[in-house]
Amino acid sequence: MKKMVFILTIILLFNFAILAAADNIELEDPWISQRDQGNHGGTLITTLLGDPKTFNTLIAKETSSSEVTDGYIFEGLVGRNGITTEIESRLAKDWDISEDGKTYRFYLREGVKWNDGHEFTADDVIFTFDLISDRDIPTSARDGLIIDGEFPEYRKIDKYTVEFELPSTFAPFLNSMTLSILPKHKLYEPWQNGNFNSTWGINTDPSEIVGTGPYKLADYRNGERIVMEKNEHYWRQDPEGRTLPYLDRWVRIIVGSQETEALLFERGETHILGVRGIDYNRLKQQSERSNFSIIDGGPSFSTNFLVFNMNPRNPNLEKQPWKYDWFTNLHFRRAVAYSMDKNSMINQALAGQGSKQWSPISAPNKVFLNEDVEKYPYDLEKAREELEKGGFSWNDNGHLIDQDGRRVEFNMLTNSGNEARETLLNIIANELRELGMKVNSNPIDFNRLTSHMSSDWDYDSILIGLTGGVEPHAGANVWPSHGHLHM
């Protein structure tokens, strides 16, 4: 494994959500049908910050794609409870684990159907793991399933039973079974023909995208909206035996910025808003006299962090090979860590609604959070000391230069439309300029950003985030240098 790419995580966001009382919202969209929660019918309208890159959940590497598909169109054998975070049954109604912890047997729900009416069986599970184990498919799911260098053995016991044999006891395995199961009857032929990686792109007819989740894709218009409709074949029921989901339709408007998201909500055109820190106090006051409520969900699992490009395949190194020496210099990265003014970040970017974070494990993860880690508090003098240890110095103009007299200059990117990250980017860039660096900060489109990071490798540094979760091993696609999302 290469030295850790991440210099540190910057800040932990808080979860704030606004829920509009649907029975009194006045919306112009003719699809809206107001119903009380718990009754069937109605349309939910929310927003997305960007367009998906694919509807093929197995090869998706960005949240703009996965937040459309995972858990909504597709499901795993198991899932996590959103409140307790405990593992729960999904497509598997139950499972057994052998005494030695190496054999997992899953008993599938009978009668589950794909949204096109085909029956879900063990063949679909086996097919999905055939896809994941195929090294011609660039999926992050494979990274989390490699145990002691081996992929687990898997077999069909009968129509509704599958079994996995692990090379050694591995506690995170059950969490890996949250990955989405795909339909063999729709994707086997493209896989055999070598076309799987280009299947289910954003131009696909929505009726071709088949899952077992509560919703199915009904319409997608680039830059405008995604429409999802109730899956009439969905297996889940409420405590009274009524088929879920309650909603008939879910419209997700594609917007360019968080500012637009807030504006649409305040105009009554959407039902739910994830509140930015800078909007919190204003909207909290509005909620006292308006027909919506603010729910404080506490810290989220997600993190924002700065990453430097230490990939030797960076095509820009042909012209600027010295940047690789800078970014792989441990003292350089420590200096940047010391330059992170987290108090200013919290106050300016999040209006005080955030907390400091010192590792990839976020505050709500009580199982794995370790407070006793090395910390790099804001201290520009220590940052200068680290730069000197790394062989850097300053010229007569106060510019930071390397051992060969080159001025330290690089680009720093983040995704446009996310005002909080844009503010974080400016704060970081300003502090690095105090150290004599020349930093060119630039927000760009999110999908373009992920391409730079995961396939083109032609960036200097990026401020980005990960959604996080309970099980750290879920980041096996990120931390090792062979991971499909390693930066």
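In this predicted model, I132 touches L58, T139, A141, R142, L145, F151 and L179, leaving aside residues up to four places away in sequence. I132 belongs to helix α2, which covers residues 122-133. With a relative accessible area of 0%, I132 is buried, because that term applies to values under 20%. One of its partners, L58, lies 74 residues from I132 in sequence, yet the two C-alpha atoms are 7.9 Å apart in space.

Contacts across the sequence can also be considered for the chain as a whole. Among contacts between residues at least 6 apart in sequence, 68% join residues at least 24 apart. The chain contains twelve helices and 19 strands, and buried residues account for 51% of its 487 residues.

Helix α12, residues 446-456, offers a second local view. Its buried residues include F446, N447, L449, T450, S451, H452 and M453. Their cover includes α1 (63-69) together with the strands β17 (409-415), β18 (438-444) and β19 (461-466). At the start of α12, a side-chain oxygen of D445 comes within 3.2 Å of the backbone nitrogen of N447. Just after the helix, W457 adopts a positive phi of about 60°.

Turning to overall dimensions, the C-alpha trace spans about 75 × 60 × 40 Å along its principal axes. The radius of gyration is 24 Å, which agrees with the value near 23 Å for a compact globule of 487 residues. About 22,300 Å² of the chain is exposed, and carbon and sulfur atoms supply 44% of that area. The chain carries 50 positive and 72 negative charges, whose mean positions are 1 Å apart.

Terms used:
Residues are numbered from 1 along each chain as its sequence is written. This is a predicted model: local features need pLDDT of at least 70, side-chain atom pairs count only at pLDDT 80 or more; totals for chains, interfaces and linings use all residues. Side-chain values use heavy atoms; hydrogens and water are left out. Helices (H or I, at least four residues) and strands (E, at least two) are DSSP runs, numbered from the N terminus. Buried means under 20% relative accessible area, exposed over 50%, partly exposed in between (1.4 Å probe, protein chains only). Contact means heavy atoms within 4.5 Å. A polar contact is a pair of N or O atoms within 3.5 Å; within protein, one must be able to donate a hydrogen and the other to accept it, and residues adjacent in sequence count only if both atoms are side-chain atoms. The radius of gyration is taken over C-alpha atoms; the globule rule is 2.2 Å times the number of residues to the power 0.38. Accessible areas come from the Shrake-Rupley method with a 1.4 Å probe; for residues, only the protein chains shown count as cover. Lys and Arg count as positive and Asp and Glu as negative; His and the chain ends are not counted. The place of a charge is taken as NZ of Lys, CZ of Arg, CG of Asp or CD of Glu.
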